[in-house]
Amino acid sequence: MDNNEKETTKKAVRRFSLRWQLALGMASGFFVIFIVFALLLSGLIKHHYGALPNEVIFWLWVIIAFGGLAIFIFALILTKVILRPVRLIETTIEAFEDDPMTEVRASEVGANDEFSDLTRILNRTIDRLQALISAQQQFVSDVSHELRTPVTIVKGHMELLNRWGKDDPEVLEDSIKSSLAEVQRMETLINEMLNLTRAEQIPVDNVKEITDVGGTMHRVYDNFKMIRPDFSFTLDDDLSTKARVKIRQDHMEQILIILADNAVKYSLDRHEIHFALSQTANRVEIGVQDFGEGLKPEDAKRVFDRFYRVDKARSRAKGGTGLGLSIAQRLVEAYGGTIALESAEGSGSIFTVYLPLYVEEKNESN
């Protein structure tokens, strides 16, 4: 038995549980109140009718004793029922302490009361902590896997220069260029991994910013027309009114930029990108279409996976890390939306983002 288990056992032996405290408290209260009542009553009877018979006094004390015992037993049963959620919460916390990724959760018992609220808060907190732990573990695993190759390349060039390459100008220049390129790729990878981790940890309930999707789309559309003059960009804006979404503007721009950049990156001879905006009664739909390589069905199913590249060699040559679409998906889903892909090999792809429209509540407008 380790020190923690011994300490827990000692505490359990010494502990005077809340259940016993409440039961003894209720029984003691009954004794005090009933004794005071009996003394006052006997005093009044003695004053008006004379002294009570000893037999009556005896049975009065018997009633007090059995009444206190009955109250004590009843209090034990009552507190056991009342404090059952506390025991479930304690069990859940102990399970989480032993295994942070445990699937044990406190179940709601009885009425919709303060204990039920506490149980829901505890379960949400554990879910959030486990999501953060999983994101951290995934981050470390992915980064270590993806950085292994560039680190090995840089190390190889440094060892080459250390042995004899520094005396050869051509080898020196080639090694420096290759090392700088790998360092740049590592920097890009780390930044995108951090963006992905942040996207998985967005506390949506705390986001108060409302973004006009149409205005953001037009801004991204104009920017891409300016920076990529070799492409033809078109925008079909079918919005009849402002499409307002509860999302941070920088996140909305990031989603659109990722999709537009992906469309540009994987276009072939037909340099044409098509944007589309529309809305229904409760959501806005954003489409980004390219006419490039397209995807096979098996590739389309995995395109949102971390680090997944259809053609790793070509993707790396184009500057891709395989994280952009993962970041876009995490951001969209964090704000209660979905992202879908329609693609055919050789005919291009259409990414469609669905986000719930923001409806202003009456109390907010007031």
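**Exercise 1. Find what the side chain of Thr-216 reaches, then place Thr-216 in its surroundings.**

Step 1. Start with the polar contact: in this predicted model, the side chain of Thr-216 comes to 3.0 Å from the backbone oxygen of Asp-212.

Step 2. Now ask which element holds the residue. Thr-216 sits in helix H7.

Step 3. Is Thr-216 buried or exposed? Its relative accessible area is 1%. Buried means under 20%, so Thr-216 counts as buried.

Step 4. Look for contacts beyond the sequence neighbours. Once those within four places are set aside, Thr-216 touches Thr-211, Gln-249, Met-252, Glu-253 and Leu-256.

Step 5. Go back to Asp-212, this time looking at its side chain. At the start of H7, a side-chain oxygen of Asp-212 gets to within 3.3 Å of the backbone nitrogen of Gly-214.

**Exercise 2. Check the length of helix H7 and work out how its buried residues are arranged.**

Step 1. H7 covers residues 213–227, which is 15 residues. From first C-alpha to last it reaches 21 Å, close to the 21 Å expected at 1.5 Å a residue.

Step 2. List the buried residues of H7: Val-213, Gly-214, Thr-216, Met-217, Val-220, Tyr-221 and Phe-224.

Step 3. Look down the helix axis. The buried residues of H7 fall within an arc of 160 degrees, so they line one face of the helix.

Step 4. Here's a handy rule for reading such a list: an α-helix has 3.6 residues a turn, so residues three or four places apart point the same way.

Step 5. What do the buried residues of H7 pack against? Their partners are strands S1 (211–212), S2 (232–237) and S3 (244–245), helix H8 (249–265), and also S4 and S5.

**Exercise 3. Do the same for helix H4, and add its exposed residues.**

Step 1. H4 runs over residues 84–98. With 15 residues at 1.5 Å each, H4 should span 21 Å, and its end C-alpha atoms are indeed 21 Å apart.

Step 2. Pro-85, Ile-89, Thr-92, Ala-95 and Phe-96 are the buried residues of H4. They fall within an arc of 125 degrees when seen down the axis, so they line one face of H4.

Step 3. Turn to the other side of H4: there, Glu-97 and Asp-98 are exposed.

Step 4. Thr-91 is also found in H4. With a relative accessible area of 33%, Thr-91 is partly exposed.

Step 5. How far apart are the C-alpha atoms of Thr-91 and Ala-106? These two residues are 15 residues apart along the chain, and their C-alpha atoms are separated by 7.8 Å.

**Exercise 4. Classify the aromatic pairs that involve Phe-233.**

Step 1. Get the total: the count comes to 5 aromatic pairs.

Step 2. Take Phe-231 and Phe-233. Their ring centres are 6.1 Å apart and their planes meet at 35 degrees, so the pair is tilted.

Step 3. Check burial. Phe-231 is buried at 8% relative accessible area, and Phe-233 is buried at 7%.

Step 4. Next comes the pair of Phe-233 and Phe-275: 6.2 Å centre to centre and 20 degrees between the planes, which makes it stacked. The cut-off for stacked is under 30 degrees.

Step 5. This pair links distant parts of the chain, as Phe-233 is in strand S2 and Phe-275 in strand S4, 42 residues apart. Phe-275 has 0% relative accessibility and counts as buried.

Step 6. Put the rings together: Tyr-221, Phe-224, Phe-231, Phe-233 and Phe-275 form one aromatic cluster. Tyr-221 and Phe-224 were already on your list of buried residues in H7.

**Exercise 5. Describe the surroundings of strand S5.**

Step 1. S5 spans residues 283–290 and is mostly covered, with 6 of its 8 residues buried.

Step 2. One partner is S4 (residues 272–279): S4 and S5 pair in the antiparallel sense over 7 bridges. As a landmark, His-274 has Gln-289 in S5 as its bridge partner.

Step 3. What joins S4 to S5? A hairpin does, through 3 residues.

Step 4. Strand S7 (residues 348–356) is another partner, joined to S5 by 7 bridges and running antiparallel to S5. Here Val-288 has Phe-351 in S7 as its bridge partner.

**Exercise 6. Zoom out to the chain as a whole.**

Step 1. Count the elements: the chain has 12 helices and 7 strands.

Step 2. Of its 366 residues, 33% are buried.

Step 3. Finally, take the contacts with a separation of 6 or more: 71% of them are between residues 24 or more positions apart.

Note on methods: Residues are numbered from 1 along each chain as its sequence is written. This is a predicted model: local features need pLDDT of at least 70, side-chain atom pairs count only at pLDDT 80 or more; totals for chains, interfaces and linings use all residues. Side-chain values use heavy atoms; hydrogens and water are left out. Buried means under 20% relative accessible area, exposed over 50%, partly exposed in between (1.4 Å probe, protein chains only). Helices (H or I, at least four residues) and strands (E, at least two) are DSSP runs, numbered from the N terminus. Two strands pair if DSSP finds at least two bridges between them. The expected span of a helix is 1.5 Å times one less than its number of residues. The arc is that of the directions from the helix axis to the C-beta atoms. Contact means heavy atoms within 4.5 Å. A polar contact is a pair of N or O atoms within 3.5 Å; within protein, one must be able to donate a hydrogen and the other to accept it, and residues adjacent in sequence count only if both atoms are side-chain atoms. Rings of Phe, Tyr and Trp (its six-membered ring) pair if their centres lie within 6.5 Å; planes under 30 degrees apart count as stacked, over 60 as edge-to-face and the rest as tilted.
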